[in-house]
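Let's take a walk through this one together. Keep the viewer open and turn the model as you read.

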Amino acid sequence: MQIFERLKPILADIFDVDEDELTPKTDLFDDLGADEYDMIELSMIIEEEFEKTVKLPKKGQLNIAKLCMLIEK
């Protein structure tokens, strides 16, 4: 899961957690406390890092595995 490995340091930096704590099942909202501003920042970083525009939800549930799938599309 190459995208997951590339996302881990990005997510660790945004949410100030250790990379080892992140798994594909980690939920951005429930586990990491993401808010609307975090999602905006993350979408801009994804666009720059992966050269893809991904529409991310501003609330609800979104685990890292699903985020990887959105980027792969």
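Which exposed residues does the face of α3 turned away from its buried side carry? They are M69 and E72. Exposed means over 50% relative accessible area, buried under 20%, and partly exposed in between (1.4 Å probe, protein chains only). Helices here are DSSP runs (H or I, at least four residues), numbered from the N terminus.

A quick word on what you're looking at: this is a predicted model, where local features need pLDDT of at least 70, side-chain atom pairs count only at pLDDT 80 or more, and totals for chains, interfaces and linings use all residues. Residues are numbered from 1 along each chain as its sequence is written, and side-chain values use heavy atoms, with hydrogens and water left out.

Now flip to the other side of α3, where I64, L67, C68 and I71 are buried. Looking down the axis of α3, these buried residues fall within an arc of 100° (taken from the directions from the helix axis to the C-beta atoms), so they line one face of the helix. An α-helix has 3.6 residues a turn, so residues three or four places apart point the same way. Among what covers the buried residues of α3 are α1 (2-15) and α2.

Next, find K52 in the loop between α2 (36-50) and α3 (64-72). K52 is partly exposed, with a relative accessible area of 26%. Leaving aside neighbours within four places in sequence, K52 is in contact (heavy atoms within 4.5 Å) with I46, E47, I71, E72 and K73.

Methods: Helices (H or I, at least four residues) and strands (E, at least two) are DSSP runs, numbered from the N terminus.
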